[in-house]
Every structure is written in structure tokens, then in C-alpha cells.
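I opened this model to check three things in turn: confidence, one serine, and enclosed space. My entries follow in the order in which I looked things up.

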Amino acid sequence: MIKPDLPQRWPKSTTINHYAAAVLSVAGAIVAAELITRLLNAEAIASSMLCAVIFAAWVGGFGPALLAIALTLLAFHYYLLPPINSFTWKHDLFAVGISEVPRLILFSITSLVVAFLISAQRKATEELRRSAYDLQVAMGDQKRIEAALLHSEMYLTEAQRLSGTGSFGWNIASGEIVWSDQTFRIFGYEQTTKPTVELIVQRTHPEDRAAVEQTIDRASREGKDFDHEHRLLMPDGSVKYVHALARAVRNASGGIEFVGAVTDATVARETERKLRRSEAYLAEAQRLSHTGSWAWDARRREFVFRSPEAYRMLGLDPDEDAVPQQP
């Protein structure tokens, strides 16, 4: 129950301190004026009171400065009472001559102008200090965000390198294409190269170029997602299989952009080709040796695989005749 009141009490305490400082500054100015008058035989009342107003305005702002002006006018008035130029005890508090009124008015105007200027300068200084602090905090946040973004980019780059998958962006209106580091590696271009549709077509295998150009043209014309696999012919004569997948999104200006990924599928395609070749060799070996193979699922009690030669050994055509899965 006490904690919610603390934020409210602190500003009040600070305001009270500012007004207390204004009172103390006027008291100090009175002491200083009295000492200067007695020790140096000089009239320092105006300068001393003005210094008190300046101090109050700088420490507390325009409100405490107004209090200081009111107190200094009273002190100035008392100082001019007979016997003048002294703060000794005086009985008649309204005995100031008419000749001293302009002096009090001039001091009031000067004090108000000085208090306003000093208060404005104080406010500007505080706002500048606050802005500098906010800027420092914002710069610190920006550095932390940049560090986090750098780490995220590093992790993404490493993940793309390990998975063989790159990312890209394509703005239809401007024709601008953005590639990740891994995409540059997949296409075999230096990162200083500016990606373009022409470069993609140029790197495409001659037998797949027509299909790639058709896919690009349809995507740019219709603004629809595309999923396409084709081959790349690398400068050293090697062939890569790539799988490009992209989604169409609308940017802030309402235009169509494609955001997608391109995967190096060469290893998978080579593995698939080798597996099919091995299956072909096995099938041919079984045909020549009249040996069939099969696999039986004991839990479900059914065949899960029977080789073509196993069908032939039963006098069946593996492409036409259907055999029950259960015996």
C-alpha cells in the first residue's frame, strides 16, 4: 500500500526543495548585500538580489524564480527604508520615497526578464540532457538489436550451408533479386555479382531453360506461388539439380514480391539414381538366376514386397496380375 505513493511523493519533495532553495538564495543575497555595504561601503543590493533570482531560476525554474522575485522586492523595499542602505530594524515600513519607485519597477522588470530567460535555458538544457539520455539508450538498444541480428544471420547462414538450402527475394516491379550467401554458392557466382533473371537462365541447363523461362514468365505475370526443379550447368561442366520453392507476398506499396528457398538436390537425385540402378541390377540378376525375393510383415500377416521374378515364378505378370497380400 505504501509503494504506489512513493512515485508521487518524490516530485512533490523535489518541488518543495526548489522553492526552499529560492528562499535560501534570497536570504544569502541579503546577508551578502549587508556585508558588502558594511565592509566595502558599496551598494550591492541590486546585483545581490538579481543573483538570487538567477540562482532560483536555474535551480528550480520559473515558479521558484517568481517567489525569489517577490522576496527580493520585499528585501529591496526594506533596504530603501530610512535609514537606507541597511537591513537594520526599521519601524516605518511604508516610508519609501516616490523617487525609489522607478528603481523598484526597473528591478522587477529586469528580474522577470532574467528569470524567464534563465528558466527557458534551464528547460532547454534539461530537454537536451533528456534527449541525449534517450539517444544513448536508443543507441544501446540498437547495438543489442544489431548484435542479436548478427547472431541470427550467422546462425541462418550456417544452417543454410549445412542443409544446402539458400534463400532469395524477388521484387517483380523493380526486378531486384536478393540472394543469401548459400544461394550464391549453389549457382556458383561470386557474392559481388548482382543477381538477375538473365544470370539464372544463363546458368540453367540448356535442356531445362525453356521450362525455367516459362516458370519465371508465369510467376511474374500471374503473381502466384511456384515450385520448380531443374538442372544447372556449372562452368566446370558438372550438373546440379536444384529445387526452387517461392511464395508470393504483397509489400507495403501493394506490389508482388516472391520470397523463397532454393535447395541443392544433387545428392538426393544421385542417390535416387543409384538406388534405381541397383534395383534394376537386382531385378536382372534375379531374372537370370530365376530367384525371387519377398518380405513378410508378421504383425499384419501380409506381404509388403514381392520382386518381379517372384511373380514370374508363380506364373504371373507383375505388371498386370494382382496377387492377394495375404496367403
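The notes below begin with confidence and then turn to the serine and the cavity.

Entry on confidence. I am working from a predicted model, and I looked up its scores before anything else: the protein averages a pLDDT of 80, with 85% of the residues scoring at least 70. Among the elements, I found the highest mean pLDDT in helix H6 (92) and the lowest in strand S6, residues 294–297 (72). I set residues 1–10 aside, since pLDDT stays under 50 there and the model gives that stretch 0 contacts beyond four places in sequence.

Entry on Ser180. I located Ser180 in the loop that runs between strand S2 (177–179) and helix H5 (181–187). I then asked whether Ser180 is buried or exposed. I noted it as buried, because its relative accessibility is 13% and the cut-off for buried is under 20%. The side chain of Ser180 makes a polar contact, at 3.1 Å, with the side chain of Thr183. Beyond its neighbours within four places in sequence, I listed Gln160, Gly166 and Ser167 as contacts of Ser180.

Entry on the cavity. I searched for enclosed space and found 1 cavity of 30 Å³ or more, and the largest cavity holds about 270 Å³. Its lining comprises 15 residues, and those nearest the centre are Phe168, Ile200, Ile216, Phe226 and Ala244. Strand S1 (165–171), S2, helix H6 (197–203), helix H7 (209–222) and strand S3 (226–233) each give two or more residues to this lining. By residue type, I recorded the lining as 12 nonpolar, 3 polar and no charged residues.

Key. Residues are numbered from 1 along each chain as its sequence is written. Side-chain values use heavy atoms; hydrogens and water are left out. Helices (H or I, at least four residues) and strands (E, at least two) are DSSP runs, numbered from the N terminus. Buried means under 20% relative accessible area, exposed over 50%, partly exposed in between (1.4 Å probe, protein chains only). A polar contact is a pair of N or O atoms within 3.5 Å; within protein, one must be able to donate a hydrogen and the other to accept it, and residues adjacent in sequence count only if both atoms are side-chain atoms. Contact means heavy atoms within 4.5 Å. On a 1 Å grid over the protein atoms alone, a cavity is a set of points where a 1.4 Å probe fits but cannot get out, and a pocket is an open set with protein on both sides within 12 Å along at least five of seven lines; lining residues have an atom within 4 Å of a point. Grid points are joined across faces, edges and corners, and a volume is the space filled by probe spheres set on the points. Ala, Val, Leu, Ile, Met, Phe, Trp, Tyr, Cys and Pro count as nonpolar, Asp, Glu, Lys and Arg as charged, and the others, Gly among them, as polar. pLDDT is the predictor's confidence in each residue, from 0 to 100.
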